[in-house]
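Visitor: Please walk me through this model with questions and answers. I would like each term explained when it first comes up.

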Amino acid sequence: MKRIVVAGAMALHCMIPAKAQQKTSPEEIRSKMQWFADAKLGIFIHWGIYSVKGVDESWSFHNKKISHADYMAQLKGFTADKYDPQAWADLISESGARYAVITTKHHDGVALWDTKFNKLSTAKSTPAKRDVLAPFFNALRKNNIKAGAYFSLLDWTSPDYPGFLKDSSRYKISEQPQRWARFQAFYQGQMAEVMKQFNPDLWWFDGDWERSADEWQAVKVRKMLTDFNPNAIINGRLTGYGDYETPEQNFPVERPHYNWWELCMTINNNWGWQPQDTNWKTPYEIITIFADAISNGGNMLLDIGPKADGTIPPEQVNVLKELGKWNKKHEKAIFSTIGGIPQGHFYGPTTLSKDSTSLYLFLPGKVSGNIMLKGLDNKIQDITVVGNGAKLQHKIVGKISWSPVPGLVYITVPANVQDEYMTVLELKLDKPVKLYRGKGGLNG
């Protein structure tokens, strides 16, 4: 790991390169992306041998914090003896997430399935002695959750991969092209195993930054995956030959200019389990970040890092449960909505129903006094507190009869109807949302 649909008729840029679109129409892309657009929330799972000592996943040896030998010695401690894939899937369901993405292989090259290409797997080289992916994919699908596969393109452990430590490489591709060809066959062979055994609904690639699209054979890889499953979604880290963008950890200040995007974020500071990292985000913080993402037309992929025995830290369990409680209460304002109105109209996140006749206002924390909405060129038919049905009144201030400029909408939200984390209001409008975007004055 390293590294805005505006309501109405604003055109957005599709991020898929022309080469990747040659046999895929825009309509087909939009059709296969619809479940992703509706899903809003996914759960990311970073699980691997790095959870034995609680070190940085792969980066700890690459950046020379520990030796590669000491890192790989963690294979002996990966037991998964308390791993309950159905309990994981049930927790993900409880969070409200519609999809999950698990690491099938990180940059360290350790496969979590029984790969036939080498012995570096949880099945052959750890006390777990099994493929840990199959039962999890099965549990997700039993719970009607879309299943995603994180797959590292690079492999710092493979003797045929050029890169190794941050300041050293094994060879130059230009000098040993046959060796690079062996690695291409290796990583694409492992990818084909994951493809055929698990048929992921979504591919979450990582590690593309070290090589070019031609070196990765990105067009060939995309074709292999989409020929096998035309509905497979691919993230943007296949050197741009993907279907959506993936900003990491830091929320974009402006709405990203992509049809689809996803904020991937940790609950503390690290992806995998690290016992010294206790900088946990609170449920309130996660909920407000999530609301900001969906307001800007995106998704959130929230990460958890299980321990080597398969247990999930209680702090992460608590966040997922509290997020799920809030999601269940406010479901109609979150899932299957579209990004809300542009910034400046309301001081907080917003979403819209797909027909744009319901506007949802998200109110972080506790509200004291009135909230204000400006530039709404609609009649408000009804205002309801989502999740409890309370009806609220509104007042129009500053509407001048001869001016086309709408007045300001003020809404009082009593303390007794407010949510402990984030209250959501539904404004039912007389027609699809229409916004005033002028400069004011006599002519509007």
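Guide: A residue is called buried under 20% relative accessible area, exposed over 50%, and partly exposed in between, using a 1.4 Å probe and protein chains only. This is a predicted model, in which local features need pLDDT of at least 70 and side-chain atom pairs count only at pLDDT 80 or more, while totals for chains, interfaces and linings use all residues. Residues are numbered from 1 along each chain as its sequence is written, and side-chain values use heavy atoms, with hydrogens and water left out.

Visitor: What does glutamine 249 count as at 22% relative accessibility?

Guide: Glutamine 249 sits in the loop between β5 (233-234) and β6 (262-266); strands (E, at least two residues) and helices (H or I, at least four) are DSSP runs numbered from the N terminus. Its relative accessibility is 22%, and the class in between starts at 20%, so glutamine 249 counts as partly exposed.

Visitor: What is the phi of glutamine 249?

Guide: Most residues other than glycine have a negative phi. Glutamine 249 is not a glycine, yet its phi is positive, near 65 degrees.

Visitor: Which glutamine in the loop between α9 and α10 can be set beside it?

Guide: That loop joins α9 (213-216) and α10 (218-228). The glutamine there has a positive phi near 55 degrees and counts as partly exposed at 26% relative accessibility. The residue is glutamine 217.

Visitor: How many residues of the protein chain count as buried, in percent?

Guide: The protein chain has 13 helices and 15 strands. Its exposed area is about 18600 Å², with 52% supplied by carbon and sulfur atoms; such areas come from the Shrake-Rupley method with a 1.4 Å probe, and for residues only the protein chains shown count as cover. Of its 444 residues, the buried share is 58%.

Visitor: What is the radius of gyration of the protein chain?

Guide: The C-alpha atoms fill a box of roughly 75 × 45 × 40 Å along the principal axes. The globule rule, 2.2 Å times the number of residues to the power 0.38, is compared with a radius taken over C-alpha atoms. For 444 residues the rule gives 22 Å, and the chain is close to that, so it is as compact as a globular protein of that length; its radius of gyration is 24 Å.

Visitor: Which residues touch the most other members of the largest nonpolar core?

Guide: A nonpolar core is a set of buried Ala, Val, Leu, Ile, Met, Phe, Trp, Tyr and Cys residues joined through side-chain atoms within 4.5 Å. The largest one has 94 residues, and the two that touch the most other members are Trp203 and Phe205.

Visitor: Which helix gives this core its largest share?

Guide: The share is nine residues, from the helix of residues 177-198. This helix reaches 31 Å from its first C-alpha to its last, close to the 32 Å expected for its 22 residues, where the expected span is 1.5 Å times one less than the number of residues. The helix is α8.

Visitor: Where is the kink in α1 centred?

Guide: Helix α1 (residues 26-39) has 14 residues, and its span of 20 Å is close to the 20 Å expected. The bend at a residue is the angle between axes fitted to the seven residues ending there and the seven starting there. In α1 the kink is about 45 degrees, centred on methionine 33.

Visitor: Is asparagine 327 buried or exposed?

Guide: Asparagine 327 belongs to helix α12 (residues 314-329). Leaving out residues up to four places away in sequence, asparagine 327 touches Leu41, Ser95, Gly96, Phe290, Ile334 and Phe335, contact meaning heavy atoms within 4.5 Å. Its relative accessibility is 2%, so asparagine 327 counts as buried.

Visitor: Which residues does glutamine 343 touch?

Guide: Glutamine 343 lies in the loop between β8 (338-339) and β9 (350-352). At 58% relative accessibility it counts as exposed. Not counting residues up to four places away in sequence, glutamine 343 touches Val253, Asn296 and Arg437.

Visitor: How many Å apart in space are leucine 120 and threonine 157?

Guide: Leucine 120 is in the loop between β2 (99-105) and α6 (122-125), and is buried at a relative accessible area of 16%. Its contacts outside four places in sequence include Met72, Leu75 and Thr157. Leucine 120 and threonine 157 are 37 residues apart in sequence, and their C-alpha to C-alpha distance is 9.5 Å.
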